[in-house]
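Visitor: I am new to this structure and would be grateful for a guided account. May we look at it together?

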Amino acid sequence: MPRDRPGPAQRAPRTGRAGERPSVAFSGIHTSLPSWGGARPGDDVYALQVNQCAVYVVSRMRVVDKERRDCCDGGSPGRREQGFPGHSAWSMLGAGGCGASAVHVDSTPVRFDVPVPGDLLARLTWRNARGRTRNLKYVVDGRLERAVGLQGFYRLAPESADALAELAELTQEAA
């Protein structure tokens with residue numbers, strides 16, 4: 001994504017959505033949108049933002065379903081070209097993306113002011129489908145030097161998921 005175009009998480013505060021709870025996120029077939037293909041109903045997904053080497057938990061989103069509903073104008077196949085008119089309030093999260101599809105979520109309020117502590121950042125661990133784990137790369141002295149390690153959709157190891165869940169709950173209580 002070009003530097004002068006903020007990503008979905010950066011566009012939310014500019015549109016006055018901070019403090020609100022997203023009801024939908026968008027999955028896609030292009031790298032401009034994360035693929036939520038591995039997410040199942042009940043899974044928790046964490047929207048993260050990197051700003052000046054700090055990582056922020058923007059929202060915890062619990063997947064409700066990935067079906068196109070009436071709220072997505074699912075009853076009118078001819079309107080699919082118009083995106084998701086029932087979710088225009090959250091269209092900045094990728095409704096116009098290549099191959100966008102709705103992921104209905106129950107979420108915490110969008111926040112941009114609660115950073116992931118540096119010690120937790122150094123301990124964040126992901127697990128792949130084969131059970132192998134890896135830590136977040138490019139963490140130096142509790143700061144994320146390169147955001148490339150966070151781009152995408154990854155399954156957190158249970159300990160890391162628990163730690164981010166605690167942080168998201170604190171974030172929700174502060175809202």
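Visitor: Among contacts between residues at least 6 apart in sequence, what share joins residues at least 24 apart?

Guide: The model is predicted, with local features needing pLDDT of at least 70 and side-chain atom pairs pLDDT 80 or more, while totals for chains, interfaces and linings use all residues. Residues are numbered from 1 along each chain as its sequence is written, and side-chain values use heavy atoms, without hydrogens and water. A contact means heavy atoms within 4.5 Å. Of the contacts between residues at least 6 apart, the share that joins residues at least 24 apart is 66%.

Visitor: In what pattern do the helices and strands follow one another along the sequence?

Guide: Helices (H or I, at least four residues) and strands (E, at least two) are DSSP runs, numbered from the N terminus. The protein has three helices and eight strands. Read along the sequence, their pattern is α-β-β-β-β-α-β-β-β-β-α.

Visitor: Which strands each supply at least two residues of the largest nonpolar core?

Guide: Such a core is a set of buried Ala, Val, Leu, Ile, Met, Phe, Trp, Tyr and Cys residues joined through side-chain atoms within 4.5 Å, where buried means under 20% relative accessible area (1.4 Å probe, protein chains only). The largest has 22 residues, and Trp36 is among those with the most contacts inside it. The strands that each supply at least two of its residues are S1 (24-27), S2 (44-51), S3 (54-65) and S4 (101-107).

Visitor: Which residue in S3 stands opposite Leu48?

Guide: S2 and S3 run antiparallel and are joined by eight bridges; two strands pair if DSSP finds at least two bridges between them. Opposite Leu48, the residue in S3 is Val57.

How values were computed
Buried < 20%, exposed > 50% of the residue type's maximum accessible area, 1.4 Å probe, protein only.
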